Amino acid sequence: MIETRGLVHRYGDVRVLDEVDLDVADGEFVVLAGANGSGKTTLVRHWNGLLDADDGEVRVNGTRVQADLVAARTAVGMVFQEPRDGFVAATVGEDVAFGPENLGLEREDIDARVRDALAAVNLAGRESERIDELSGGERERVAIAGALAMRPDHLVLDEPFTGLDQPARESVLDRLDALHESGTSVVVVTHDLRDLLARADRLCVLADGDVIVDDTPTRAVERLDGVPVRRPC
Ligand code: ATP
């Protein structure tokens, strides 16, 4: 479980997160939406300890993130907004192996994790292919495999559909459904809600530094009609 309690984050004088409370339970599919600059990326970066809070805290599986960064980064797999330009290696296998290698695991265990992670994103046996020769959708799935190779309990994807055409988007969604069905909790950060509301358990919307709506997608969309941010995008 990811528990966010009273989280405050300031950039200079600007309070981007203002006492945010937000939980993600094991096995949930959550969509985190909000206008550009509403603090979505800042929030999820706290979930695996990439930022220090000005106040409040995040706990992952009961442990304070800042008290055990390795545990948090293992439990929360992050797929960042920029991975399609920022891979750490030239080939698929090397890139996906990067996280497990940093955990200091045996080669056999690393190779097994890479195999399993690539199979989970429908890229089995593609280890030796060059990332710069893959399509956008395949690159996004390599980025997801990199997170999965850490065997996370929670997978958080920041704007995973940027630049993807509809077939590529559907192939990523299909993989997220399969991961969700296998028990991994999935959080999609996006301002493009197409195809997501039907599969999400909850829609959470950030605005003005706080969560303004946190409900089932149907009720959340109804409630958004009554607030100034009419559409979560
Ligand atoms: P987007 O949908 O555009 O990615 P977001 O909801 O993810 O936005 P954040 O990226 O968390 O929002 O940014 C929240 C606010 O904090 C924005 O106004 C942004 O310009 C500002 N901000 C983000 N990172 C920094 C930084 N390193 N230094 C100063 N300000 C920052």
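**Exercise 1. Find the helix that holds Gly146, then decide whether Gly146 is buried or exposed.**

Step 1: Look up the helix. Gly146 belongs to helix 5, which covers residues 136-148. Keep in mind that you're working with a predicted model here.

Step 2: Check the accessible area. For Gly146 the relative value is 18%. The cut-off for buried is under 20%, so Gly146 counts as buried.

Step 3: Try a distance as well. Gly146 and Asp52 are 94 residues apart along the chain, and 24 Å separates their C-alpha atoms.

**Exercise 2. Work out how confident the predictor is, and where the pLDDT drops below 50.**

Step 1: Start with the whole chain. Its average pLDDT is 90, and 94% of the residues score at least 70.

Step 2: Now hunt for the weak spot. Residues 228-233 have a pLDDT below 50. Leaving aside near neighbours in sequence, that stretch still has 14 contacts in the model.

Step 3: Add the overall scores. You get an ipTM of 0.97 and a pTM of 0.91.

**Exercise 3. Sort out which residues of helix 7 are buried and which are exposed.**

Step 1: List the buried ones. In helix 7 (residues 217-224) these are Pro217, Ala220 and Leu224.

Step 2: Ask why they sit on the same side of helix 7. They span an arc of only 60 degrees around the axis, so they end up on the same side of the helix.

Step 3: Flip to the other side of helix 7. There you'll find Thr218 and Glu222, both exposed.

Step 4: See what does the covering. Strand 9 (202-207) and strand 10 (210-215) are among the elements over the buried residues of helix 7.

**Exercise 4. Put the strands of the four-stranded open sheet in order and name the edge strands.**

Step 1: Write down the order. The four strands run 2-1-4-5, with antiparallel pairing.

Step 2: Pick out the edges. Strand 2 (14-24) and strand 5 (63-64) each pair on one side only, which makes them the edge strands.

Step 3: Zoom in on one pair. Strand 1 (residues 2-11) and strand 4 (residues 55-60) are joined by five bridges in the antiparallel sense. Val8 faces Asp55 of strand 4.

**Exercise 5. Count the aromatic pairs, then find what lies over the face of Phe161.**

Step 1: Count the pairs. The structure has zero aromatic pairs.

Step 2: Check the ring of Phe161. Arg169 lies over its face, 4.5 Å from the ring centre.

Conventions:
Residues numbered from 1 in each chain as written. Predicted model: local features only at pLDDT ≥ 70, side-chain atom pairs only at ≥ 80, totals over all residues. Heavy atoms only, no water. pLDDT = per-residue confidence, 0-100. Contact = heavy atoms within 4.5 Å. Buried < 20%, exposed > 50% of the residue type's maximum accessible area, 1.4 Å probe, protein only. Helix = DSSP H or I, 4+ residues; strand = E, 2+ residues; numbered from the N terminus. Arc of directions from axis to C-beta. Phe/Tyr/Trp six-rings, centres within 6.5 Å; stacked < 30°, edge-to-face > 60°. Lys NZ or Arg CZ within 6 Å of the ring centre and 35° of its normal. Pairing = 2+ DSSP bridges.
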